[in-house]
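Reader: I would like to work through this model feature by feature. For each one, please give the general idea and then the case at hand.

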Amino acid sequence: MIVGFAAGSSIAQELPIEKILPLSLAAEAVHAALAACERQGYRVSATVVDRDGVIIALLRGDGAGPHTIDSSSRKAYTAA
């Protein structure tokens with residue numbers, strides 16, 4: 001029994017660890033992106049996705065066209 005447990009623990013130490021961006025930081029990022037674009041006079045949407053391209057946070061800025069939601073999401077997915 002003890003031999004099996006020791007072998008199992010060494011295998012567990014070799015497993016990869018995936019870092020995940022928490023929602024609070026993703027929300028902070030989309031707010032910062034919108035603010036930066038607004039300062040430059042752009043009306044945009046901002047999207048943050050995870051490493052698989054799944055949306056974590058998406059905001060459409062004031063006055064941004066409806067097409068910016070899709071464009072932002074697709075660009076974020078491509079970047080991932």
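Author: Keep in mind throughout that this is a predicted model. A nonpolar core is read as a set of buried nonpolar residues joined through side-chain atoms. In this structure the largest nonpolar core has 6 residues: Ala 26, Val 30, Leu 34, Ala 46, Val 48 and Ala 57.

Reader: Which elements give two or more residues to this core?

Author: They are α2 (23-39) and β1. With 3 residues, α2 gives the most to this core.

Reader: How does that fit into the overall pattern of the protein chain?

Author: Along the sequence the order is α-α-β-β-α, that is, 3 helices and 2 strands. Of the 80 residues in the protein chain, 21% are buried. The exposed area comes to about 6300 Å², with 60% of it supplied by carbon and sulfur atoms.

Reader: What share of the contacts with a separation of 6 or more is made by residues 24 or more positions apart?

Author: The share is 43% in this protein chain.

Reader: Take one core residue, then. What is Ala 46 in contact with, leaving aside its neighbours within four places in sequence?

Author: Contacts are listed by residue, and the partners can then be placed in their elements. For Ala 46 the partners are Val 30, Ala 33, Leu 34, Ala 57, Leu 58, Leu 59 and Ser 72. Two of these, Leu 59 and Ser 72, can be followed further.

Reader: Is Leu 59 buried or partly exposed?

Author: Leu 59, in strand β2, is partly exposed, because its relative accessibility is 26% and buried means under 20%. Apart from residues up to four places away in sequence, Leu 59 touches Val 30, His 31, Leu 34, Ser 45 and Ala 46. Leu 59 and Val 30 are 29 residues apart along the chain, and their C-alpha atoms are separated by 6.6 Å.

Reader: And where does Ser 72 lie?

Author: Ser 72 is in helix α3. Its relative accessible area is 11%, so Ser 72 counts as buried. Beyond its neighbours within four places in sequence, Ser 72 is in contact with Ser 45, Ala 46 and Thr 47.

Reader: How is the length of helix α3 checked against what it should span?

Author: The check uses a rise of 1.5 Å a residue. Helix α3 covers residues 67-79, which is 13 residues, so it should span 18 Å. The end C-alpha atoms of α3 are 18 Å apart, in agreement with that.

Reader: Which residues of α3 are buried?

Author: Thr 68, Ser 72, Ser 73 and Ala 76 are buried in α3. Viewed down the axis of α3, these buried residues fall within an arc of 130 degrees, so they line one face of the helix. Their cover includes β1 (45-49) and β2 (55-60).

Reader: What does the face of α3 turned away from its buried side carry?

Author: That face carries the exposed residues His 67, Arg 74, Tyr 77 and Thr 78. One of them, Arg 74, has a polar contact of 2.9 Å between its side chain and that of Asp 70.

Reader: How exposed is Asp 70?

Author: Asp 70, also placed in helix α3, has a relative accessible area of 42%. Asp 70 therefore counts as partly exposed, since that class lies between 20% and 50%. The C-alpha atoms of Asp 70 and Ser 45 are separated by 8.7 Å, with their places 25 residues apart along the chain.

How values were computed:
Residues are numbered from 1 along each chain as its sequence is written. This is a predicted model: local features need pLDDT of at least 70, side-chain atom pairs count only at pLDDT 80 or more; totals for chains, interfaces and linings use all residues. Side-chain values use heavy atoms; hydrogens and water are left out. Helices (H or I, at least four residues) and strands (E, at least two) are DSSP runs, numbered from the N terminus. Buried means under 20% relative accessible area, exposed over 50%, partly exposed in between (1.4 Å probe, protein chains only). Contact means heavy atoms within 4.5 Å. Accessible areas come from the Shrake-Rupley method with a 1.4 Å probe; for residues, only the protein chains shown count as cover. The expected span of a helix is 1.5 Å times one less than its number of residues. The arc is that of the directions from the helix axis to the C-beta atoms. A polar contact is a pair of N or O atoms within 3.5 Å; within protein, one must be able to donate a hydrogen and the other to accept it, and residues adjacent in sequence count only if both atoms are side-chain atoms. A nonpolar core is a set of buried Ala, Val, Leu, Ile, Met, Phe, Trp, Tyr and Cys residues joined through side-chain atoms within 4.5 Å.
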